[in-house]
Amino acid sequence: MLNIALPKGRLGDQVYKMLSSIGYECAAIYEDNRKLVFESPENGVRYLLVKPSDVAIYVEHGAADVGIVGKDILLDSRPDVYELLDLNIGKCRLAVAGPNDYIEDRDNVLRVATKFANVAKDYYSSINREIEIIKLNGSIELAPILGLSDVIVDIVESGKTLKENNLKVLTTIVPVSARFIANRSSYLFKSEAIQKMMAGLQEVLSRDADSQS
Ligand code: PRP
């Protein structure tokens with residue numbers, strides 16, 4: 001039985017569709033209830049519905065054998081897992097954003113509000129810019145509006161949230177997409193099952209790429 005950490009929400013729904021199309025369906029997952037574990041013994045899978053930012057923790061500690069997680073979270077939390085596949089979905093970018101009328105002042109320490117403290121530190125150290133991190137857990141866009149920070153480092157997908165809050169992208173740091181990851185021991189001891197799932201996912205990806213070309 002392969003334990004899969006599936007992020008709750010839209011990304012998880014997309015991934016479940018991919019997996020069910022290659023033989024890993026588990027009809028009960030769409031039951032309207034609050035269950036967090038769904039098993040399909042006949043297809044050899046157990047789905048664990050977890051908070052997107054916790055997927056890599058479950059996989060790193062072996063509570064799940066494989067999982068699907070955004071590259072943003074991998075870059076920031078740096079879990080000790082294998083990153084096996086870019087699933088080409090959940091696409092967005094990590095960016096520095098600030099007020100529309102933002103003017104850089106290199107004489108002062110830059111105050112950066114973010115959920116992604118390590119990504120922000122790495123980026124600013126690469127350009128030798130001294131910063132102070134203001135760690136927030138959500139609604140990051142509020143920080144520069146209220147003067148809590150000068151800029152933010154956050155996920156930008158459509159750009160709508162920035163626009164509606166009179167903010168704009170100042171620099172794109174890195175593109176982001178969903179990744180298929182595996183626990184290091186599971187990758188050894190359940191290698192056949194993981195390889196089979198990976199091959200199936202790869203087929204879906206190349207089918208999608210063909211249909212787009
Ligand atoms: C994320 C991110 C931005 C928004 C970007 O927030 O932090 O706020 O999505 O999407 P957009 O460019 O399409 O507008 P999320 O919905 O995860 O909520 P959060 O405020 O808790 O981070």
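This briefing covers two pockets and one surface patch. The structure is a predicted model. Its largest pocket has a volume of about 1100 Å³, while the second largest has a volume of about 340 Å³. A nonpolar patch on the surface is formed by Leu-142, Ile-145, Leu-146 and Leu-148.

**Largest pocket**

- The lining of the largest pocket is made up of 46 residues.
- Nearest the centre of this pocket lie Asp-72, Ile-73, Lys-115, Phe-116 and Ile-155.
- Four helices are named as giving at least two residues each to this lining: helix 1 (10-21), helix 2 (55-60), helix 3 (71-77) and helix 6 (160-164).
- Strand 4 (66-70) and strand 9 (151-156) also supply at least two residues each to the lining of the largest pocket.
- By residue type, this lining holds 19 nonpolar, 14 polar and 13 charged residues.

**Second largest pocket**

- The second largest pocket, with a volume of about 340 Å³, is lined by 16 residues.
- Closest to the centre of the second largest pocket are Lys-8, Ile-29, Lys-35, Phe-38 and Leu-49.
- Strand 1 (2-7) and helix 1 each provide at least two residues of this lining, and helix 1 gives the most, with three residues.
- The lining of the second largest pocket has eight nonpolar, three polar and five charged residues.

**Nonpolar surface patch**

- Together, Leu-142, Ile-145, Leu-146 and Leu-148 have about 390 Å² of accessible area.
- Leu-148 sits in the loop between helix 5 (142-146) and strand 9.
- The relative accessible area of Leu-148 is 41%, so this residue counts as partly exposed.

Terms used
Residues are numbered from 1 along each chain as its sequence is written. This is a predicted model: local features need pLDDT of at least 70, side-chain atom pairs count only at pLDDT 80 or more; totals for chains, interfaces and linings use all residues. Side-chain values use heavy atoms; hydrogens and water are left out. On a 1 Å grid over the protein atoms alone, a cavity is a set of points where a 1.4 Å probe fits but cannot get out, and a pocket is an open set with protein on both sides within 12 Å along at least five of seven lines; lining residues have an atom within 4 Å of a point. Grid points are joined across faces, edges and corners, and a volume is the space filled by probe spheres set on the points. Ala, Val, Leu, Ile, Met, Phe, Trp, Tyr, Cys and Pro count as nonpolar, Asp, Glu, Lys and Arg as charged, and the others, Gly among them, as polar. Patches are made of residues with over 30% relative accessible area and no salt bridge: like charges are joined within 9 Å, nonpolar side chains (Val, Leu, Ile, Met, Phe, Trp, Tyr) within 5 Å. Accessible areas come from the Shrake-Rupley method with a 1.4 Å probe; for residues, only the protein chains shown count as cover. A salt bridge is a side-chain nitrogen of Lys or Arg within 4 Å of a carboxyl oxygen of Asp or Glu. Buried means under 20% relative accessible area, exposed over 50%, partly exposed in between (1.4 Å probe, protein chains only).
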